[in-house]
Amino acid sequence: MKRILISLGGNALGTFYNDLLRSVNVIASPIAQLIKDGNEVVICHGNGPQVGYIKTSIDVGAMTKLTETMPLSECVAMSQGFIGYQLSNAIENELKKIGVKSEVPTVITRVLVDKEDPSFHNPTKPIGAFYTKEQSDEMAKNGKTMIEDSGRGYREVVASPMPLEIIEKKLIKEMIDRGECLIAGGGGGIPVIKKDDGLIAIDAVIDKDRTSVMLAAECECTHLVILTGVEQVAINFNTPEQKNLSRITIAEAEEYIKEGQFPAGSMLPKIESAIEFVKSGDNRETLITSLDKLVEGIRGEAGTIVCK
């Protein structure tokens, strides 16, 4: 038996509602099989396209005076709820088909960040609707950071601070120790900061892979699974010298990073997260593979394993 955290990208879920319904049913089957095989499973999903869709819808409604604006933190919470319950339904239904009776709860998860994190002084993550120059100037007066986005208009940008602590970590660990499969840390978590009178939400976007690594380490997972668009990691990718990698050590991975083998916008953050998790404890491995090879990867028959 393995204790596995599956890091599921938001793009794999699709942006719109019907896309999500189709995607979760595809995702549910291999996850249900892992549970049937006796593994303990935690799922941490991304929410980039979905939270953008929610925020844009609210912003457009506010521009037409049909509704009011809402903080980004609330949109992250909404995305955790609607993605989580759809995953829960799909996985539970799939488990029932293969003769396993189990509930798959979703834990709405807050993550502590530092209000002095440098990213708050240089927000870079675009979010929500496009605005005119006049609207943008008015929002800037109210404390929003706005940028011109590729000639399409002006958008708000927010910080992407480092996660420091998962607020619900004790509850999540207790649930896993009871043998429950669950969904937690969606979208990297709802960012909160500490004040004298407690925790308050702050507008930001936390990197889901960083939260996944933290959650996997806190929950004493043996494996972190990072799902991506390819079955295996490769060096010299898309050249005649391409070589697929079945198993690499931290030292080998770090050497490949120095050589520039992994593009910053795609494979590099996955490799960095893989290394961070393996370093976080003894007997820990990271599997990087595609969704359709998830079960085979856990059995050691596919994917790329990063190990010590």
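**Exercise 1.** Find which helices and strands each supply at least two residues of the lining of the largest pocket, and describe that lining by class.

*Solution.* Begin with the elements: α1 (17-36), α2 (48-63), β5 (125-131), α6 (208-218), β12 (223-228) and α8 (268-279) each supply at least two lining residues, where helices (H or I, at least four residues) and strands (E, at least two) are DSSP runs, numbered from the N terminus. The model is predicted, with local features needing pLDDT of at least 70 and side-chain atom pairs pLDDT 80 or more, while totals for chains, interfaces and linings use all residues. Residues are numbered from 1 along each chain as its sequence is written, and side-chain values use heavy atoms, without hydrogens and water.

Next, take the lining as a whole: 36 residues line the largest pocket, and G10, N11, G46, G48 and K208 lie nearest its centre. By class, there are 15 nonpolar, 15 polar and six charged residues, with Ala, Val, Leu, Ile, Met, Phe, Trp, Tyr, Cys and Pro counted as nonpolar, Asp, Glu, Lys and Arg as charged, and the others, Gly among them, as polar.

**Exercise 2.** Decide whether the residues of strand β16 are buried or exposed, and identify the strands that pair with β16.

*Solution.* Six of the six residues of β16 (residues 285-290) are buried (under 20% relative accessible area, 1.4 Å probe, protein chains only), so the strand is largely enclosed by the rest of the structure. E285, L287 and T289 point one way, and T286, I288 and S290 the other.

For pairing (at least two DSSP bridges between two strands), β12 and β16 run parallel over six bridges, V225 being partnered by L287 in β16. Three bridges join β16 to the antiparallel β17 (residues 304-307), where V306 is the partner of T286.

Conventions:
1 Å grid on protein atoms, 1.4 Å probe; cavity = no way out; pocket = protein on both sides within 12 Å on 5 of 7 lines; lining within 4 Å. Buried < 20%, exposed > 50% of the residue type's maximum accessible area, 1.4 Å probe, protein only.
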